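Biologist: Please take a close look at one part of this model, beginning from a single side chain and working outwards through its surroundings. I would like a connected account rather than a list.

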Amino acid sequence: VALHALLTDDEAFIARWTEPVLKACAFLKEARAQTDHDGVKGVLPPAVAMVTGIPAQAVWNIAWNYKGLETAVRFLRRIGHPAADEYAHEAAEAKEAFLRAFREAAAKSATWTDAAGRSRGVVPSTVSGTDLRTHPFFLDTGPLVLTYAGLVEADDPLMQDALAFFREGPYVKLYDPRGDMHQRPVLTRE
């Protein structure tokens with residue numbers, strides 16, 4: 001909604017949707033402040049990210065919610081709304097808390113060795129909860145979405161390790177192009 005408002009500058013749309021955008025920002029701020037869960041505090045609480053129905057603090061959920069919050073802030077700034085700074089601060093704190101948790105989770109993650117003999121990390125798709133790395137959706141809902149969301153730069157070593165994992169990692173040797181979708185995730189084309 002915020003992106004549509006930014007792209008169109010449609011006054012009627014903006015008048016209709018400013019209040020729901022503010023409520024969404026307030027919801028994200030309140031959700032991130034929750035502490036009655038087993039996940040990492042300061043990060044959005046565990047939720048279901050894909051068809052498995054298993055709650056986790058998944059990068060997929062965090063990325064899309066952050067992207068929405070960051071876009072809402074740009075929208076609120078454009079229209080000169082006084083809450084823009086409050087939610088910009090919230091977005092910055094959310095990003096910082098997530099990055100801290102993500103880097104900690106990555107530091108504890110497994111490693112693999114690439115063809116050049118370099119040790120690389122298996123970048124997680126969660127900061128807490130079950131990380132389903134063999135599920136086909138690990139590619140779709142995994143760590144690469146973080147660059148799109150603006151949470152991790154593409155040239156960050158973690159994103160480079162994630163990309164290498166899908167391009168040449170251990171799952172590539174197991175990939176069968178004639179197989180069905182229930183295979184370990186790899187990048188066969190980009």
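Modeller: Glu90 is a buried residue, with a relative accessible area of 6%, in what is a predicted model. The residue belongs to helix α4, which covers residues 84-107. Once its neighbours within four places in sequence are set aside, Glu90 is in contact with Leu28, Lys29, Arg32 and Leu69. Of these contacts, Leu69 offers a way into helix α3, where Leu69 is itself listed among the buried residues.

Helix α3 has 20 residues, and the distance from its first C-alpha to its last is 28 Å, close to the 28 Å expected at 1.5 Å a residue. Besides Leu69, the buried positions of α3 include Val59, Asn61, Ile62, Ala63 and Tyr66, and further along they include Thr71, Ala72, Val73, Phe75 and Leu76. After the helix comes Gly80, whose phi is positive, near 70 degrees.

The aromatic side chains of α3 deserve a separate look. Across the whole structure, a search finds 6 aromatic pairs. One of them joins Trp60 and Trp64 in an edge-to-face arrangement, with 5.8 Å centre to centre and 75 degrees between the planes. Why are Trp60 and Trp64 separated by about one helical turn? They are separated in this way because they stand 4 residues apart in helix α3, which runs over residues 59-78. An α-helix has 3.6 residues a turn, so residues three or four places apart point the same way. Trp60 counts as partly exposed because its relative accessibility is 26%, and Trp64 is likewise partly exposed, with a relative accessible area of 42%.

Trp64 also forms an aromatic pair with Tyr148, and this one is tilted, at 5.5 Å centre to centre and 50 degrees between the planes. That pair links distant parts of the chain, given that Trp64 lies in helix α3 whereas Tyr148 lies in helix α6 (residues 145-149), 84 residues apart. Taken together, ring pairs link Trp60, Trp64 and Tyr148 into a cluster.

A charged group adds to the picture around Tyr148: the charged end of Lys67 sits over the ring of Tyr148, 4.9 Å from its centre. An arrangement of this kind is also found at Arg16, whose charged end sits over the ring of Trp17, 4.4 Å from the ring centre.

Note on methods
Residues are numbered from 1 along each chain as its sequence is written. This is a predicted model: local features need pLDDT of at least 70, side-chain atom pairs count only at pLDDT 80 or more; totals for chains, interfaces and linings use all residues. Side-chain values use heavy atoms; hydrogens and water are left out. Rings of Phe, Tyr and Trp (its six-membered ring) pair if their centres lie within 6.5 Å; planes under 30 degrees apart count as stacked, over 60 as edge-to-face and the rest as tilted. Helices (H or I, at least four residues) and strands (E, at least two) are DSSP runs, numbered from the N terminus. Buried means under 20% relative accessible area, exposed over 50%, partly exposed in between (1.4 Å probe, protein chains only). A charge sits over a ring if NZ of Lys or CZ of Arg is within 6 Å of the ring centre and within 35 degrees of the ring normal. The expected span of a helix is 1.5 Å times one less than its number of residues. Contact means heavy atoms within 4.5 Å.
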